[in-house]
Amino acid sequence: MRLQLLPPESNHIISTIKITGSKSESNRILLLQALYSNLGIENCSNSDDAQVMAKGLKINHGEVDIHHAGTAMRFLTAYFASQEGKEVVLTGSQRMTERPIKVLVDALLSLGADISYVKNDGYPPIKIIGKKLVKNTVSLPANISSQYISALLLTAPSLENGIELELVGKITSIPYIKMTLTLLCQIGVKNSFNGNNISVSSIKKVETKTLIVESDWSSASYFYSIAALSEVGSEITLSAYKENSLQGDSVLSEIYKSFGVETVFEESTIILKKVSTPQVTILECDLANAPDIAQTIAVTCLGLGMGCYLTGLHTLKIKETDRLEALHTELSKLGAAISVTDKTLTLNATNNINKDIAIDTYNDHRMAMAFAPLAYKTSIIINNAEVVSKSYPDFWEDMKLVQIDIKKLV
(Lines give C-alpha, C1' and ligand atoms only; values in the text may rest on other atoms or scores of the structure.)
Protein backbone atom coordinates (compact mmCIF):
# COMPACT_ATOMS: atom_id res chain seq x y z
CA MET A 1 0.00 0.00 0.00
CA ARG A 2 1.38 3.39 -1.09
CA LEU A 3 0.05 6.49 0.58
CA GLN A 4 0.52 10.11 -0.42
CA LEU A 5 0.53 12.50 2.54
CA LEU A 6 -0.41 16.10 1.83
CA PRO A 7 0.11 19.11 4.13
CA PRO A 8 -2.91 20.26 6.16
CA GLU A 9 -4.67 23.49 5.22
CA SER A 10 -3.48 24.98 8.52
CA ASN A 11 -0.53 24.11 10.73
CA HIS A 12 -2.51 25.20 13.78
CA ILE A 13 -3.82 21.97 15.30
CA ILE A 14 -6.10 21.15 18.23
CA SER A 15 -6.70 17.40 18.55
CA THR A 16 -7.40 14.58 21.04
CA ILE A 17 -6.23 11.01 20.41
CA LYS A 18 -6.32 7.77 22.43
CA ILE A 19 -3.31 5.55 21.87
CA THR A 20 -3.20 1.80 22.44
CA GLY A 21 -1.21 0.20 25.25
CA SER A 22 2.58 0.01 25.22
CA LYS A 23 3.93 -2.87 23.15
CA SER A 24 6.87 -3.20 25.53
CA GLU A 25 4.73 -3.43 28.66
CA SER A 26 2.13 -5.66 26.97
CA ASN A 27 4.68 -8.26 25.85
CA ARG A 28 6.21 -8.42 29.32
CA ILE A 29 2.86 -8.83 31.05
CA LEU A 30 1.69 -11.42 28.50
CA LEU A 31 4.73 -13.56 29.32
CA LEU A 32 4.16 -13.18 33.06
CA GLN A 33 0.51 -14.09 32.53
CA ALA A 34 1.60 -17.29 30.75
CA LEU A 35 3.71 -18.19 33.80
CA TYR A 36 1.04 -17.18 36.34
CA SER A 37 -2.46 -17.70 34.96
CA ASN A 38 -4.21 -15.65 37.68
CA LEU A 39 -2.73 -12.40 36.34
CA GLY A 40 -4.99 -10.17 34.24
CA ILE A 41 -4.15 -7.46 31.72
CA GLU A 42 -6.02 -4.30 30.66
CA ASN A 43 -5.32 -1.90 27.76
CA CYS A 44 -3.14 -4.49 26.06
CA SER A 45 -1.51 -3.30 22.84
CA ASN A 46 -3.45 -4.12 19.66
CA SER A 47 -0.20 -4.28 17.69
CA ASP A 48 0.82 -7.20 15.48
CA ASP A 49 3.75 -7.82 17.83
CA ALA A 50 1.54 -8.24 20.90
CA GLN A 51 -0.87 -10.50 19.01
CA VAL A 52 2.01 -12.65 17.77
CA MET A 53 3.37 -12.84 21.32
CA ALA A 54 0.00 -13.88 22.77
CA LYS A 55 -0.50 -16.51 20.07
CA GLY A 56 3.01 -17.92 20.45
CA LEU A 57 2.64 -18.35 24.20
CA LYS A 58 -0.31 -20.72 23.62
CA ILE A 59 1.65 -23.15 21.42
CA ASN A 60 3.17 -26.23 23.08
CA HIS A 61 4.57 -28.16 20.11
CA GLY A 62 5.48 -27.41 16.51
CA GLU A 63 6.42 -24.22 14.70
CA VAL A 64 6.05 -20.79 16.25
CA ASP A 65 6.32 -18.07 13.56
CA ILE A 66 6.75 -14.61 15.07
CA HIS A 67 7.12 -12.84 11.67
CA HIS A 68 8.94 -9.50 12.25
CA ALA A 69 8.50 -9.39 16.05
CA GLY A 70 11.97 -9.13 17.55
CA THR A 71 10.74 -8.78 21.13
CA ALA A 72 8.67 -11.95 20.78
CA MET A 73 11.71 -13.82 19.39
CA ARG A 74 13.84 -12.92 22.42
CA PHE A 75 11.13 -13.37 25.06
CA LEU A 76 9.77 -16.64 23.65
CA THR A 77 13.27 -18.11 23.35
CA ALA A 78 13.71 -17.81 27.11
CA TYR A 79 10.12 -18.82 27.83
CA PHE A 80 10.13 -22.07 25.83
CA ALA A 81 13.61 -23.00 27.05
CA SER A 82 12.29 -22.99 30.63
CA GLN A 83 9.01 -24.83 29.97
CA GLU A 84 9.45 -28.53 30.59
CA GLY A 85 7.54 -30.67 28.09
CA LYS A 86 7.25 -28.05 25.34
CA GLU A 87 9.09 -28.52 22.06
CA VAL A 88 9.00 -25.87 19.32
CA VAL A 89 10.87 -24.43 16.36
CA LEU A 90 10.94 -20.66 16.76
CA THR A 91 11.16 -18.84 13.44
CA GLY A 92 10.18 -15.61 11.72
CA SER A 93 10.51 -13.46 8.61
CA GLN A 94 13.55 -13.38 6.34
CA ARG A 95 14.83 -10.32 8.22
CA MET A 96 14.34 -12.16 11.53
CA THR A 97 16.63 -14.96 10.32
CA GLU A 98 19.33 -12.28 9.88
CA ARG A 99 18.98 -10.85 13.40
CA PRO A 100 21.41 -12.45 15.90
CA ILE A 101 20.15 -14.52 18.84
CA LYS A 102 23.44 -16.17 19.88
CA VAL A 103 24.05 -14.02 22.98
CA LEU A 104 20.73 -15.06 24.52
CA VAL A 105 21.00 -18.69 23.40
CA ASP A 106 24.50 -18.99 24.90
CA ALA A 107 23.22 -17.60 28.21
CA LEU A 108 20.35 -20.09 28.27
CA LEU A 109 22.64 -22.99 27.32
CA SER A 110 24.83 -22.10 30.30
CA LEU A 111 21.73 -22.51 32.49
CA GLY A 112 21.16 -26.00 31.04
CA ALA A 113 18.72 -25.24 28.22
CA ASP A 114 18.35 -27.47 25.13
CA ILE A 115 18.48 -25.15 22.09
CA SER A 116 19.92 -25.85 18.64
CA TYR A 117 20.15 -23.88 15.40
CA VAL A 118 18.08 -25.22 12.51
CA LYS A 119 20.06 -23.46 9.74
CA ASN A 120 22.75 -20.90 10.55
CA ASP A 121 24.63 -20.81 13.83
CA GLY A 122 23.73 -17.78 15.88
CA TYR A 123 20.49 -17.00 14.03
CA PRO A 124 16.86 -18.16 13.94
CA PRO A 125 15.19 -20.49 13.32
CA ILE A 126 16.01 -22.34 16.52
CA LYS A 127 14.74 -25.62 17.94
CA ILE A 128 13.92 -25.51 21.64
CA ILE A 129 13.16 -28.48 23.89
CA GLY A 130 11.85 -27.12 27.19
CA LYS A 131 13.63 -28.28 30.33
CA LYS A 132 13.53 -27.67 34.05
CA LEU A 133 16.37 -25.20 34.56
CA VAL A 134 17.98 -25.41 37.99
CA LYS A 135 21.23 -23.53 37.42
CA ASN A 136 20.81 -19.90 38.32
CA THR A 137 24.13 -18.12 37.69
CA VAL A 138 24.62 -16.56 34.26
CA SER A 139 26.48 -13.69 32.59
CA LEU A 140 25.51 -11.71 29.52
CA PRO A 141 27.07 -8.89 27.43
CA ALA A 142 25.18 -5.78 28.48
CA ASN A 143 25.70 -3.54 25.47
CA ILE A 144 23.86 -5.39 22.68
CA SER A 145 20.13 -5.54 23.48
CA SER A 146 18.23 -5.07 26.73
CA GLN A 147 15.65 -7.53 25.38
CA TYR A 148 18.11 -10.38 25.96
CA ILE A 149 18.36 -9.28 29.58
CA SER A 150 14.61 -8.83 30.06
CA ALA A 151 13.94 -12.24 28.48
CA LEU A 152 16.00 -13.91 31.23
CA LEU A 153 14.56 -11.74 34.00
CA LEU A 154 10.93 -12.37 33.03
CA THR A 155 11.33 -16.17 33.12
CA ALA A 156 13.50 -16.08 36.27
CA PRO A 157 10.68 -16.18 38.88
CA SER A 158 9.39 -19.47 37.45
CA LEU A 159 12.80 -21.15 37.69
CA GLU A 160 13.50 -23.31 40.71
CA ASN A 161 16.32 -21.08 42.00
CA GLY A 162 15.59 -17.77 40.29
CA ILE A 163 18.51 -16.04 38.55
CA GLU A 164 21.73 -14.28 39.50
CA LEU A 165 22.66 -12.31 36.38
CA GLU A 166 25.97 -10.56 35.78
CA LEU A 167 25.97 -7.94 33.03
CA VAL A 168 29.34 -7.57 31.32
CA GLY A 169 30.28 -4.11 30.00
CA LYS A 170 28.28 -0.90 29.69
CA ILE A 171 24.54 -1.49 30.05
CA THR A 172 22.29 -0.30 27.21
CA SER A 173 18.61 0.75 27.44
CA ILE A 174 18.52 0.68 31.24
CA PRO A 175 14.90 2.00 31.43
CA TYR A 176 13.66 -1.17 29.72
CA ILE A 177 15.44 -3.33 32.29
CA LYS A 178 13.94 -1.26 35.08
CA MET A 179 10.50 -1.63 33.45
CA THR A 180 10.87 -5.42 33.64
CA LEU A 181 12.00 -5.37 37.27
CA THR A 182 9.21 -2.96 38.28
CA LEU A 183 6.58 -5.24 36.74
CA LEU A 184 8.10 -8.17 38.65
CA CYS A 185 7.82 -6.13 41.85
CA GLN A 186 4.17 -5.40 41.08
CA ILE A 187 3.35 -9.12 41.12
CA GLY A 188 5.37 -9.75 44.28
CA VAL A 189 8.68 -10.99 42.86
CA LYS A 190 11.71 -9.92 44.89
CA ASN A 191 14.61 -8.56 42.87
CA SER A 192 17.62 -6.27 43.11
CA PHE A 193 19.74 -4.32 40.62
CA ASN A 194 23.11 -3.28 41.98
CA GLY A 195 25.84 -2.11 39.62
CA ASN A 196 26.13 -4.78 36.94
CA ASN A 197 24.41 -7.51 38.95
CA ILE A 198 20.72 -8.38 38.94
CA SER A 199 19.08 -10.90 41.25
CA VAL A 200 15.54 -12.26 40.77
CA SER A 201 14.00 -14.64 43.31
CA SER A 202 11.89 -17.68 42.53
CA ILE A 203 8.17 -17.63 43.33
CA LYS A 204 5.66 -20.47 42.86
CA LYS A 205 2.42 -18.48 43.06
CA VAL A 206 1.47 -14.83 42.81
CA GLU A 207 -1.63 -13.05 44.08
CA THR A 208 -4.53 -12.57 41.68
CA LYS A 209 -4.05 -9.16 40.12
CA THR A 210 -4.86 -7.15 36.99
CA LEU A 211 -2.05 -5.08 35.51
CA ILE A 212 -3.02 -1.97 33.50
CA VAL A 213 -0.80 -1.18 30.53
CA GLU A 214 0.16 2.45 30.02
CA SER A 215 -0.24 3.77 26.47
CA ASP A 216 2.80 3.58 24.24
CA TRP A 217 5.32 6.44 24.46
CA SER A 218 7.03 5.33 21.25
CA SER A 219 3.70 5.90 19.50
CA ALA A 220 3.41 9.30 21.19
CA SER A 221 6.71 10.32 19.60
CA TYR A 222 5.07 10.92 16.21
CA PHE A 223 2.65 13.38 17.76
CA TYR A 224 5.52 15.13 19.51
CA SER A 225 7.04 15.51 16.05
CA ILE A 226 3.77 16.90 14.67
CA ALA A 227 3.49 19.31 17.59
CA ALA A 228 7.04 20.50 16.93
CA LEU A 229 6.29 21.07 13.23
CA SER A 230 2.98 22.84 13.94
CA GLU A 231 2.30 26.52 14.68
CA VAL A 232 2.79 28.03 18.12
CA GLY A 233 -0.49 27.62 20.02
CA SER A 234 -1.21 24.10 18.73
CA GLU A 235 -2.24 21.42 21.25
CA ILE A 236 -2.47 17.64 20.97
CA THR A 237 -4.00 15.67 23.85
CA LEU A 238 -2.98 12.00 24.18
CA SER A 239 -4.23 9.28 26.54
CA ALA A 240 -3.57 7.26 28.63
CA TYR A 241 -0.20 8.23 30.16
CA LYS A 242 1.53 8.44 33.53
CA GLU A 243 3.93 11.13 34.70
CA ASN A 244 6.11 8.48 36.37
CA SER A 245 6.26 6.15 33.39
CA LEU A 246 8.12 2.84 33.21
CA GLN A 247 8.90 3.48 29.53
CA GLY A 248 12.27 4.86 28.50
CA ASP A 249 10.75 6.79 25.60
CA SER A 250 8.96 9.05 28.10
CA VAL A 251 12.18 11.12 27.88
CA LEU A 252 10.38 12.69 24.91
CA SER A 253 8.81 15.19 27.30
CA GLU A 254 12.29 16.56 28.05
CA ILE A 255 13.89 16.25 24.60
CA TYR A 256 11.07 18.03 22.78
CA LYS A 257 11.41 21.13 24.96
CA SER A 258 14.29 21.94 22.61
CA PHE A 259 11.73 22.00 19.78
CA GLY A 260 9.40 24.33 21.69
CA VAL A 261 6.98 21.61 22.82
CA GLU A 262 5.80 21.62 26.44
CA THR A 263 4.22 18.53 28.03
CA VAL A 264 1.41 19.03 30.53
CA PHE A 265 0.33 16.01 32.61
CA GLU A 266 -3.35 15.93 33.59
CA GLU A 267 -4.66 12.79 35.31
CA SER A 268 -4.24 10.06 32.65
CA THR A 269 -3.54 12.37 29.71
CA ILE A 270 -0.68 14.43 28.35
CA ILE A 271 -1.15 17.68 26.43
CA LEU A 272 1.56 18.55 23.92
CA LYS A 273 1.66 22.33 23.58
CA LYS A 274 3.70 24.16 20.94
CA VAL A 275 4.75 27.16 23.02
CA SER A 276 7.71 28.58 21.07
CA THR A 277 10.01 28.19 18.09
CA PRO A 278 13.02 25.87 18.62
CA GLN A 279 15.55 27.17 21.14
CA VAL A 280 18.60 25.50 19.54
CA THR A 281 19.94 25.17 15.98
CA ILE A 282 21.74 21.86 16.54
CA LEU A 283 20.31 19.20 18.86
CA GLU A 284 22.82 16.95 20.60
CA CYS A 285 21.27 13.92 22.24
CA ASP A 286 22.42 10.57 23.66
CA LEU A 287 19.68 8.04 22.90
CA ALA A 288 21.33 4.94 24.39
CA ASN A 289 18.33 4.55 26.73
CA ALA A 290 15.69 5.39 24.10
CA PRO A 291 16.96 4.34 20.64
CA ASP A 292 13.47 3.79 19.19
CA ILE A 293 12.85 7.54 18.97
CA ALA A 294 16.00 8.31 16.94
CA GLN A 295 14.21 8.20 13.59
CA THR A 296 11.47 10.53 14.81
CA ILE A 297 13.95 13.05 16.21
CA ALA A 298 16.07 13.09 13.04
CA VAL A 299 13.00 13.73 10.86
CA THR A 300 11.77 16.43 13.25
CA CYS A 301 15.11 18.22 12.94
CA LEU A 302 14.97 18.04 9.15
CA GLY A 303 11.45 19.48 9.15
CA LEU A 304 12.48 22.38 11.38
CA GLY A 305 15.63 23.20 9.41
CA MET A 306 17.79 22.11 12.35
CA GLY A 307 20.89 19.97 12.58
CA CYS A 308 21.43 17.15 15.06
CA TYR A 309 24.11 14.88 16.45
CA LEU A 310 22.58 11.70 17.87
CA THR A 311 24.67 9.16 19.77
CA GLY A 312 24.02 5.86 21.57
CA LEU A 313 22.49 4.30 18.44
CA HIS A 314 24.48 1.03 18.32
CA THR A 315 21.36 -1.15 18.71
CA LEU A 316 19.73 0.30 15.58
CA LYS A 317 21.92 -1.88 13.35
CA ILE A 318 20.03 -5.04 14.41
CA LYS A 319 16.44 -3.77 14.40
CA GLU A 320 13.75 -4.55 11.79
CA THR A 321 16.24 -3.06 9.33
CA ASP A 322 19.60 -1.37 9.73
CA ARG A 323 17.90 1.84 10.80
CA LEU A 324 21.01 4.00 10.55
CA GLU A 325 21.62 3.10 6.90
CA ALA A 326 17.89 3.37 6.17
CA LEU A 327 17.81 6.89 7.65
CA HIS A 328 20.90 7.84 5.66
CA THR A 329 19.27 6.71 2.41
CA GLU A 330 15.81 8.21 2.94
CA LEU A 331 16.88 11.53 4.45
CA SER A 332 19.37 11.96 1.61
CA LYS A 333 16.54 11.52 -0.91
CA LEU A 334 14.77 14.41 0.80
CA GLY A 335 17.82 16.62 0.32
CA ALA A 336 19.46 16.24 3.72
CA ALA A 337 23.22 16.24 4.27
CA ILE A 338 23.62 13.31 6.66
CA SER A 339 26.34 10.95 7.81
CA VAL A 340 26.17 7.88 10.04
CA THR A 341 28.58 5.57 11.83
CA ASP A 342 27.73 2.31 13.56
CA LYS A 343 26.40 4.27 16.56
CA THR A 344 25.95 7.95 15.61
CA LEU A 345 23.97 10.13 13.22
CA THR A 346 24.92 13.64 12.12
CA LEU A 347 22.43 15.82 10.23
CA ASN A 348 23.32 19.24 8.85
CA ALA A 349 20.72 22.00 8.96
CA THR A 350 18.88 22.79 5.72
CA ASN A 351 15.71 24.67 4.82
CA ASN A 352 15.25 22.88 1.51
CA ILE A 353 13.23 19.65 1.55
CA ASN A 354 12.50 17.85 -1.71
CA LYS A 355 8.79 17.26 -2.29
CA ASP A 356 6.86 14.19 -3.45
CA ILE A 357 9.71 11.87 -2.44
CA ALA A 358 8.72 8.21 -1.97
CA ILE A 359 10.00 6.94 1.38
CA ASP A 360 10.92 3.26 1.46
CA THR A 361 10.10 1.59 4.78
CA TYR A 362 12.21 -1.61 4.69
CA ASN A 363 9.52 -3.64 6.51
CA ASP A 364 10.14 -1.30 9.46
CA HIS A 365 7.09 0.24 11.11
CA ARG A 366 9.10 3.10 12.60
CA MET A 367 10.42 4.20 9.22
CA ALA A 368 6.85 4.71 8.00
CA MET A 369 5.65 6.50 11.12
CA ALA A 370 8.73 8.66 11.74
CA PHE A 371 8.55 10.23 8.26
CA ALA A 372 4.76 10.82 8.28
CA PRO A 373 4.89 14.09 10.32
CA LEU A 374 7.04 15.60 7.57
CA ALA A 375 3.75 16.06 5.67
CA TYR A 376 3.38 19.22 7.75
CA LYS A 377 6.21 20.66 5.63
CA THR A 378 5.91 18.98 2.22
CA SER A 379 3.99 16.31 0.34
CA ILE A 380 5.58 12.87 0.63
CA ILE A 381 4.78 9.28 -0.31
CA ILE A 382 5.11 6.32 2.08
CA ASN A 383 5.74 2.95 0.44
CA ASN A 384 4.44 -0.24 2.11
CA ALA A 385 2.53 1.92 4.56
CA GLU A 386 0.78 -1.12 6.05
CA VAL A 387 3.93 -1.96 8.07
CA VAL A 388 2.63 0.32 10.86
CA SER A 389 0.40 -2.53 12.07
CA LYS A 390 3.45 -4.06 13.74
CA SER A 391 3.10 -1.61 16.61
CA TYR A 392 0.33 0.89 15.80
CA PRO A 393 -2.50 -0.44 13.57
CA ASP A 394 -4.58 2.74 13.91
CA PHE A 395 -1.74 5.07 12.92
CA TRP A 396 -3.04 6.29 9.56
CA GLU A 397 -6.52 6.91 10.91
CA ASP A 398 -5.01 8.90 13.77
CA MET A 399 -2.92 10.92 11.29
CA LYS A 400 -6.20 12.11 9.78
CA LEU A 401 -7.17 13.42 13.24
CA VAL A 402 -4.23 15.84 13.06
CA GLN A 403 -5.45 17.04 9.66
CA ILE A 404 -2.93 15.28 7.39
CA ASP A 405 -4.60 14.61 4.04
CA ILE A 406 -3.97 10.97 3.05
CA LYS A 407 -4.55 9.56 -0.41
CA LYS A 408 -4.09 5.92 -1.44
CA LEU A 409 -2.04 5.50 -4.61
CA VAL A 410 -2.31 2.64 -7.06
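This report describes the overall form, the nonpolar cores and two local regions of a predicted protein model.

## Overall form

The protein has 410 residues, and 58% of them are buried. Its secondary structure comprises 12 helices and 22 strands. The radius of gyration is 21 Å, close to the 22 Å from the globule rule for 410 residues, so the protein is as compact as a globular protein of that length. The C-alpha trace spans about 60 × 45 × 40 Å along the principal axes.

Contacts reach far along the chain. Take those between residues at least 6 apart in sequence: 74% of them join residues at least 24 apart.

## Surface and charge

About 15800 Å² of the protein is exposed. Carbon and sulfur atoms supply 47% of that area. The charged side chains number 38 positive and 43 negative. The centres of these two sets are 4 Å apart.

## Nonpolar cores

The largest nonpolar core holds 72 residues. Phe-223 and Trp-396 have the most contacts inside this core. Helix α7, residues 217-229, gives the core its largest share, with nine residues.

Phe-223 has partners well beyond its sequence neighbours within four places. Among them are Ile-17, Ile-19, Ile-236, Leu-238 and Leu-272. Phe-223 also contacts Tyr-392, Asp-398, Met-399 and Val-402. A second core is separate from the first and has 65 residues, including Tyr-79, Leu-108, Leu-154 and Ile-203.

## Helix α9

Helix α9 runs over residues 294-303, and 10 of its 10 residues are buried. The buried set includes polar-named positions such as Gln-295, Thr-296 and Thr-300. Ala-294, Ile-297, Ala-298, Val-299, Cys-301, Leu-302 and Gly-303 are in the buried set too. An α-helix has 3.6 residues a turn, so residues three or four places apart point the same way. In α9, burial covers 10 of 10 residues. Gly-305 follows the helix, with a positive phi near 70°.

## The loop at Pro-7

Pro-7 sits in the loop between strands β1 (2-6) and β2 (14-18). Is this residue buried, exposed or partly exposed? Its relative accessible area is 36%, so Pro-7 counts as partly exposed; the buried class ends under 20% and the exposed class begins over 50%.

Beyond residues up to four places away in sequence, Pro-7 touches Ala-375, Thr-378 and Ser-379. Ala-78 is 71 residues from Pro-7 along the chain, and the C-alpha atoms of the two are separated by 46 Å.

Methods
Residues are numbered from 1 along each chain as its sequence is written. This is a predicted model: local features need pLDDT of at least 70, side-chain atom pairs count only at pLDDT 80 or more; totals for chains, interfaces and linings use all residues. Side-chain values use heavy atoms; hydrogens and water are left out. Helices (H or I, at least four residues) and strands (E, at least two) are DSSP runs, numbered from the N terminus. The radius of gyration is taken over C-alpha atoms; the globule rule is 2.2 Å times the number of residues to the power 0.38. Buried means under 20% relative accessible area, exposed over 50%, partly exposed in between (1.4 Å probe, protein chains only). Contact means heavy atoms within 4.5 Å. Accessible areas come from the Shrake-Rupley method with a 1.4 Å probe; for residues, only the protein chains shown count as cover. Lys and Arg count as positive and Asp and Glu as negative; His and the chain ends are not counted. The place of a charge is taken as NZ of Lys, CZ of Arg, CG of Asp or CD of Glu. A nonpolar core is a set of buried Ala, Val, Leu, Ile, Met, Phe, Trp, Tyr and Cys residues joined through side-chain atoms within 4.5 Å.
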